[in-house]
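Reader: I would like to learn how to read a model of this kind step by step, going from single residues to sheets and then to the contact between chains. Could we begin with one residue and its surroundings?

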Amino acid sequence: MRSADATVAPAMGQDVTTFASPSTDLETVISALEARGFRFDGHEQESRTVLDTFDGRLAAEDLRLERRDGGQRELVLGGPGVVAAHVPADAGVRFARDLPPGPFRARLASTIEVRALAPQLTVVGRLRRGEWRDGTGKVLATVALRDGLRTDPSADDLPGATLEIEHVVGYDKRARQTVAVIEDAGWHRVDGDTIGLAAAAAGVDLHGFTSSPTVPLDARAPAIDGVRAVLANLAESIEANWQGTVEDVDPEFLHDWRVAVRRTRSVLGESKHVLPTAVGQEARERFRTLGRATGPARDLDVYIIEWPTYTAGLDAGVREALGPALDLLRRHRDEAQRNLVELLRAARADGWLARWRSWLDGPVTDPDQGRDQHRPLGDHVAARIRASHRRLVDHGRQIRPDSPAEALHDLRKDAKRLRYMLDCFGSLLPDHRRDRFVKRLKALQSNLGEHQDAEVHVHHLRLVSHELHEHGAASGTLVAIGQLAEQLDRRRHATRVEFAEQFGAFDSKATRRALRDMLDGIDG
Amino acid sequence: MYSIKGGVGKTTTAVNLAYEASRSGARVLLWDLDPQGAATFFFRVQPLMKGGAEELVGKRGALAGHVRGTDHAGLHLVPADFSLRHLDLHLDGTKRPTERLAGLLEPLADRYDVALLDCPPGITLTSESVFGAAEALLVPTIPTTLSQRTLDQLAQFLGDRRDAPTVLPFASMVDRRKALQRSLAAELAATAAGFLPTTIPSASVVERMGVERAPIGVFAPRTAASLAFRDLWGDVAGRLWS
């Protein structure tokens with residue numbers, strides 16, 4: 001068991017004081033607590049599993065979701081300073097939507113959104129509960145004594161035992177008295193709780209995987225070192241999200257995988273003269289193919305995720321009539337996913353991604369060095385961000401009210417390229433100055449994104465309508481699709497009209513000043 | 001939980017609804033505002049507010065220090081004591097009396113999903129302050145010929161208010177053996193705005209709450225009354241979180 005100064009995950013429930021003992025002699029402390037007024041139940045076998053998303057969204061909010069399989073099966077959502085909420089859970093819960101409507105589901109959904117829950121750690125062991133009640137039978141304090149603890153997946157046995165006091169709000173004096181009894185019995189206080197101790201002992205990080213593009217960088221280091229560090233970090237993200245994408249665990253795996261690929265493409269595109277020519281060229285081609293393959297499945301994911309928002313303004317009857325359209329979209333999405341998985345498996349089988357990873361991790365021995373390989377990283381990044389900004393502004397200025405939708409789509413890609421550079425090389429830029437510039441860019445990106453989504457989705461809706469018509473769909477469904485398409489088209493038109501204003505705000509002195517301030521100092 | 005009339009099953013519903021809400025995964029704070037302190041009694045909590053009602057609604061008053069854990073996970077209680085009999089008077093002494101209870105609850109908004117306020121009957125300054133704090137008014141209604149009139153009075157009173165809470169009446173203490181009550185309950189469900197579909201039966205198990213000092217779901221979870229309170233919470237959750 002870890003000592004009190006060890007760093008462990010936060011305790012479950014608002015007020016839990018945890019003690020640990022290397023000894024398995026529990027009778028001494030039980031006797032002392034019984035003398036104080038506690039009464040103990042018999043032993044029960046307990047299993048607690050921590051559930052979280054792959055990227056640890058609950059842990060990031062200081063929340064913990066446990067599935068408890070003891071006397072009764074329940075889900076418990078709590079955390080330090082948070083009143084724990086309990087809900088019976090006989091069936092498995094993978095998504096927030098698997099729970100009945102109510103505050104528990106609403107809270108969970110607001111944190112995990114569309115992500116799936118997966119077991120992070122299971123702790124099994126023996127539990128004895130003790131309660132201290134007053135003359136009316138009111139509980140004043142409870143303790144949970146655990147021993148014979150074992151963790152899964154590591155299957156490590158945890159020596160000794162733990163004892164947690166679960167404070168009852170408003171009865172602090174009783175909790176303090178309980179603490180004194182336990183300390184007198186020779187137990188020592190530890191940080192966190194039993195789950196946290198078990199996670200630390202098993203080497204399980206309950207915070208999940210973060211697909212953050214930011215890595216520590218040195219502006220004076222050779223450009224190739226910084227670019228390779230960024231690409232290696234992105235390669236890790238691609239690798240981490242691979243399995244979840246292939247298994248279609250939840251839509252965020254594909255999203256994060258796709259974003260990591262796109263960021264990689266942007267960095268490769270902006271580092272043509274930094275990387276060895278042959279390596280860079282092959283990587284650009286490979287990632288272009290992979291990136292393009294993700295488009296159809298992701299577009300349809302967005303469509304399905306946004307469906308409730310898109311249809312919210314329609315009458316209940318119209319929404320119901322749209323059922324076959326949504327079903328067809330789901331079938332299209334499943335087909336796009338199958339195609340993607342085929343391509344991903346082929347890409348993995350070919351072994352190039354593993355070679356790419358080895359190249360990033362090993363020393364650079366390529367004979368054809370990049371022209372800017374030894375240029376200071378800060379100089380390189382600042383020059384590429386300026387060029388990227390210039391390109392975005394030049395292209396944006398050419399867009400007229402009658403420009404085709406593709407022009408806006410291309411501009412969106414320009415904006416993304418710039419944004420990815422800011423994300424990936426963010427550690428070189430002062431946070432507050434970067435945030436100021438990113439805020440301006442984000443407003444433009446949001447407009448372009450909404451326009452593109454509406455454009456793609458209106459187009460897809462027409463295809464769906466055509467296909468359903470061919471299969472003899474009810475006229476009510478076709479009329480409802482027409483209504484939805486009209487609504488989406490209005491949205492597309494509105495974002496198109498807003499574009500001029502949004503771009504005008506971006507193409508301004510204030511943005512140029514924000515850009516100058518942000519890059520000031522990193523290019524030596 | 002509110003009714004102009006007394007003896008309609010308000011506290012019984014507040015206690016059982018709070019329990020069922022917490023069992024369904026809500027973090028619940030039940031605030032006993034009735035000086036009789038019946039809800040406080042049912043949860044075996046001492047009827048004591050340090051400083052009394054005057055200090056609580058005063059300038060420096062705060063609710064957090066009065067919260068007590070119950071024996072049920074996710075369910076906390078602010079107990080009542082006899083000082084609440086002067087709550088109207090103390091509220092009257094504050095700057096914005098109808099906003100005071102909302103002001104006391106606000107700092108706890110992130111800690112709880114549901115705050116259930118068990119109000120004393122009548123239209124008083126306390127009830128007006130409750131109207132200012134509540135998103136919905138759950139109104140237990142015994143199906144009698146006067147019930148519709150009482151609901152109309154309440155609707156009329158709230159009609160003039162800005163941000164009036166949603167009124168959610170439901171049939172309470174219904175004696176299924178009485179044909180008139182059954183038909184009136186059905187008529188109210190069909191005609192009264194917001195009327196919740198679940199009917200709470202008049203049942204002897206409710207009287208046992210005083211002996212057991214616990215919600216019915218704890219000691220008689222399979223009885224019709226217990227299941228009705230569970231369904232009633234389902235109705236409320238469906239309206240507020242759909």
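**Reading the model, feature by feature**

Author: Leaving out neighbours up to four places away in sequence, Arg57(A) is in contact with Asp52(A), Thr111(A), Ile112(A) and Arg115(A). Please keep in mind throughout that this is a predicted model. Arg57(A) belongs to helix 2 (residues 57–60) of chain A, and one of its partners, Ile112(A), is 55 residues away in sequence although the two C-alpha atoms are 6.0 Å apart in space.

Reader: Is Arg57(A) buried, exposed or partly exposed, and why?

Author: The idea is to count the other C-beta atoms within 10 Å, where 20 or more makes a residue buried and 12 or fewer makes it exposed. Arg57(A) has 18 such atoms around it, and therefore counts as partly exposed.

Reader: Which class does Ala219(A) fall into by that count, and where in chain A is its place?

Author: Ala219(A) is buried, because 20 other C-beta atoms lie within 10 Å of its own. Its place is in the loop between helix 5 (194–202) and helix 6 (223–247) of chain A. Beyond the residues up to four places away in sequence, Ala219(A) touches Pro376(A), Leu377(A), Gly378(A), Leu428(A) and Ile522(A). By way of contrast with such contacts, Ala219(A) and His469(A) are 250 residues apart in sequence and 59 Å apart from C-alpha to C-alpha.

Reader: How many helices and strands does chain A have, and what share of its residues is buried?

Author: Chain A has 16 helices and 10 strands, and buried residues make up 40% of its 524 residues. Its C-alpha atoms fill a box of roughly 85 × 65 × 50 Å along the principal axes. Of the contacts in chain A with a separation of 6 or more, 74% are between residues 24 or more positions apart.

Reader: How should I read the strand pairing in chain A, and in which sense does strand 7 of chain A run relative to strand 8 of chain A, parallel or antiparallel?

Author: Strands of a sheet pair through backbone hydrogen bonds, in either a parallel or an antiparallel sense. In this chain, strand 7 (residues 118–133) of chain A and strand 8 (residues 139–152) of chain A run antiparallel and are joined by 11 bridges, with Thr122(A) standing opposite Asp152(A) in strand 8 of chain A. The two strands form a hairpin with five residues between them, and Gly137(A) in the turn has a positive phi of about 95°. Strand 8 of chain A also pairs with strand 9 (residues 157–167) of chain A, again in the antiparallel sense, over nine bridges, and there Leu149(A) stands opposite Leu158(A) in strand 9 of chain A.

Reader: In what order do the three strands of the open sheet in chain B lie, and is their pairing parallel or antiparallel?

Author: The order of this open sheet in chain B is 5-6-7, and the pairing is parallel. Strand 5 (136–141) and strand 7 (199–201) of chain B are the edge strands, each pairing on one side only, and the twist averages 25° from one strand to the next. Six bridges join strand 5 of chain B to strand 6 (residues 166–174) of chain B, and Leu137(B) stands opposite Val167(B) in strand 6 of chain B.

Reader: Which helices of chain B lie across or pack on strand 5, strand 6 and strand 7 of chain B?

Author: Helix 8 (residues 179–191) of chain B lies across strand 5, strand 6 and strand 7 of chain B, running at about 170° to strand 6 of chain B. Helix 12 of chain B packs on the sheet and touches these three strands, its direction making about 160° with that of strand 7 of chain B.

Reader: How does the overall build of chain B read, and why can it be called compact?

Author: Chain B has 12 helices and seven strands. Its radius of gyration is 17 Å, close to the 18 Å that the globule rule gives for 242 residues, so chain B is as compact as a globular protein of that length. Buried residues make up 48% of chain B, and its mean pLDDT is 91.

Reader: Finally, how many residues does each chain bring to the contact between chain A and chain B?

Author: Chain B brings 22 residues and chain A brings 18. On the side of chain B, strand 2 (68–69) and helix 12 (224–241) are the elements that give two or more residues, and helix 12 of chain B gives the most, with three. By class, that side of chain B has eight nonpolar, seven polar and seven charged residues. The model scores ipTM 0.91 and pTM 0.87.

Definitions and conventions: Residues numbered from 1 in each chain as written. Chains lettered and ligands numbered in written order. Predicted model: local features only at pLDDT ≥ 70, side-chain atom pairs only at ≥ 80, totals over all residues. Helix = DSSP H or I, 4+ residues; strand = E, 2+ residues; numbered from the N terminus. Contact = placed C-beta atoms within 7 Å. pLDDT = per-residue confidence, 0-100. Nonpolar A, V, L, I, M, F, W, Y, C, P; charged D, E, K, R; others polar. Rg over C-alpha atoms; globule rule 2.2 N^0.38 Å. Pairing = 2+ DSSP bridges. Axes fitted to C-alpha atoms, helices over the stretch in contact; angles between N-to-C directions.
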